[in-house]
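Me: I would like to learn how to read a protein model feature by feature. Could you walk me through one?
Reply: Gladly; here is the one we will use.

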Amino acid sequence: MSMIAQTKRTPLPAALENELEEVFGDRFTTAEAMRRQHGEGESFHANEPPDAVVFPESTAEVSAVVRACHRHDVPMIGFGAGTSLEGHVAARRGGVTIATSGLSRLIELNPEDMDCRVEAGMTRKALEPHLKGTGLFFPIDPGAEASLGGMAATGASGTTTVRYGTMRENVLGLTVVLPDGTVIRTGGRARKSSAGYDLTRLFLGSEGTIGIITEVLLRLHGIPEAIASAVCSFPTLADAVDAVIYTIQSGVPVARVELLDDVQMDAVNRYSDFDYPVRPTLFFEFHGTAAGVEEQSTEVGLIAKELGGTDFEWATRAEERSRLWAARHEAYYASLALRPGSRGWATDVCVPISSLADCLLKTREEIDAEGLLAPIVAHAGDGNFHVLFIIDPDDEEEMARAKRVNARMIEQAISVGGTCTGEHGVGYGKVPYMRAQHGDAVDAMRSIKEALDPKGLMNPGKVVA
């Protein structure tokens, strides 16, 4: 059995516990409540707590923890804000969780060059006050109040990806603690470089399996002169998807285009006190000059009309836009409210835009055929859609039906050149589909893992397990 496949839990060595307690004092804990808090994200995956949790407050302290764990052959799991969805933070072999919430400082801000360096534990919302008055903003918005280090580790994206890209396009460099405690910096503030391997992209999306990110160098963007949001409902799901496809193919630079099916719209209306039609609905946002926003919205409005869309309901004031997008971001909790006492299993795929309609409609049909409650939302402009199964994880028959739909959805996405996950990441929940998507490239990934982490201590059981 390879070192990566091992999942056996081993007790925490007393010598390591004593060492970490001496160095970190009350920032090291083995308390059950704290361990359980750090043993799961925001999904149905079972809580698998670590043996201990440590709260470093600098890159040097993260390195000290990693070196100690490496000496004692103890697994390490990085933990940001706990918003992951595919079992990323589960301590499958026990060990020490390294929580980065104490690394929350802005290190440098360079408005002239439109970049900043932050510690990994800073959240995207916590960054906003530091940018006030600069005319700049950071656009990646996954919805959850995630840490920026965690967003880098999972290659996160969100509602603005169609215009601004993912974390892969907006991270210029990283500071990473390798599995033996070595600290490296990747990338840099220059906007391009042809010097050597692109290690930044290697660590983006690696989910803490080959290193723990402690600092992130971010690309910033100018705040648009004008911003307007609009809502438009459609007779059918196919019409709504076609409106998105025609908009993207027409080259309209929309900043956001989110698709909510009728089940999700019902949940949003109830939870956020809206009265939109319970029909497939698109949430748009346009960025640019006042003239540019008007031109974009007019063109998209004409496309929507041709497909049976309603007139746009506009939200132009900041507070109106905030309420609208808050409702979109609270879709998860709105869906859970449809079935009190349930759990949410959020899963996602991403497909080429031309395949979105077929894949999404087939998934909706299969959900209904299986008799499941599962709203669909989509970052439709980039072909990424999410299914949220509202389930009872203790009901084995219901779980089996949900797993069937999930498997067929992923298989279909891969068959058209898509991916088993557009932004949630692999964790251990999507590991079974990695071979189908990547083929022998999984072996290359495993070789990188084994080269950097020969003991298999960094977040074992994830990504290439």
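**Reading the model, feature by feature**

Reply: Let's begin with charge: the mean positions of the 44 positive and 65 negative charges of the chain are 4 Å apart. Please keep in mind throughout that this is a predicted model.

Me: How many helices and strands does the chain have, and how do I read its overall form?

Reply: Start with the element count, then turn to the size. The chain holds 17 helices and 18 strands. Its radius of gyration is 22 Å, close to the 23 Å from the globule rule for 465 residues, so the chain is as compact as a globular protein of that length. For the extents, the C-alpha trace covers about 70 × 55 × 40 Å along its principal axes.

Me: What percentage of the residues counts as buried, and what does the surface consist of?

Reply: Here the cut-off helps: a residue is buried under 20% relative accessible area and exposed over 50%. By that criterion, 57% of the 465 residues count as buried. The exposed area of the chain is about 18700 Å², and carbon and sulfur atoms supply 50% of it.

Me: And what share of the contacts joins residues 24 or more positions apart?

Reply: Counting contacts in the chain with a separation of 6 or more, residues 24 or more positions apart account for 73%.

Me: Let's zoom in on a helix. Which residues of helix 4 are buried?

Reply: Helix 4 covers residues 124-131, and its buried residues are Arg124, Leu127 and Leu131. The next step is to look down the axis: these buried residues fall within an arc of 50°, so they line one face of helix 4.

Me: What do those buried residues pack against?

Reply: Their partners are strand 5 (106-110), strand 6 (115-119), strand 7 (136-137), helix 5 (148-153) and strand 10 (212-219). After helix 4 comes glycine 133, with a positive phi near 90°.

Me: Where do I find positive phi in residues other than glycine?

Reply: Two cases are worth a look. Aspartate 273 has a phi near 60°, and its place is the loop between helix 10 (262-272) and strand 14 (281-288). Valine 463 has a phi near 65° and sits in the segment after helix 17 (441-452).

Me: Are aspartate 273 and valine 463 buried or exposed?

Reply: Use the accessibility for each. Aspartate 273 counts as exposed, at 64% relative accessibility, whereas valine 463 counts as buried, at 11%.

Me: Now for single residues in the interior. Which residues does valine 65 contact, beyond its neighbours within four places in sequence?

Reply: A good routine is to take the element, then the burial, then the partners. Valine 65 lies in helix 3 (residues 59-71) and is buried, with a relative accessible area of 0%. Leaving aside those sequence neighbours, valine 65 is in contact with Leu20, Phe24, Val54, Val96 and Ile98. Take one of these partners, valine 96: valine 65 and valine 96 are 31 residues apart in sequence, and their C-alpha atoms are 8.9 Å apart.

Me: Let me try the routine on leucine 360. In which helix is it found?

Reply: Leucine 360 belongs to helix 14 (residues 356-369). This leucine is buried, with a relative accessible area of 0%. Its contacts, again without neighbours within four places in sequence, are Leu237, Val241, Leu259, Ile376, Ala378 and Phe385. For a distance across the model, the C-alpha atoms of leucine 360 and histidine 45 are separated by 24 Å, with their positions 315 residues apart along the chain.

Me: What about a loop residue such as valine 252: buried or exposed?

Reply: Valine 252 counts as buried, at 6% relative accessibility. Its loop runs between helix 9 (237-249) and strand 13 (256-260). Outside the neighbours within four places in sequence, valine 252 contacts Thr247, Gln296, Glu299 and Val300. The C-alpha atoms of valine 252 and serine 297 are separated by 9.0 Å, although the two are 45 residues apart along the chain.

Me: And how does alanine 291 read, buried or exposed?

Reply: Alanine 291 counts as exposed, at 55% relative accessibility, and is found in helix 11 (residues 290-306). From alanine 291 to glutamate 225 the C-alpha distance is 10.0 Å, and the pair is 66 residues apart in sequence.

How values were computed:
Residues numbered from 1 in each chain as written. Predicted model: local features only at pLDDT ≥ 70, side-chain atom pairs only at ≥ 80, totals over all residues. Heavy atoms only, no water. Helix = DSSP H or I, 4+ residues; strand = E, 2+ residues; numbered from the N terminus. Rg over C-alpha atoms; globule rule 2.2 N^0.38 Å. Buried < 20%, exposed > 50% of the residue type's maximum accessible area, 1.4 Å probe, protein only. Contact = heavy atoms within 4.5 Å. Areas by Shrake-Rupley, 256 points an atom, 1.4 Å probe, with all protein chains shown as cover. Lys, Arg positive; Asp, Glu negative; His and termini not counted. Charge placed at Lys NZ, Arg CZ, Asp CG, Glu CD. Arc of directions from axis to C-beta.
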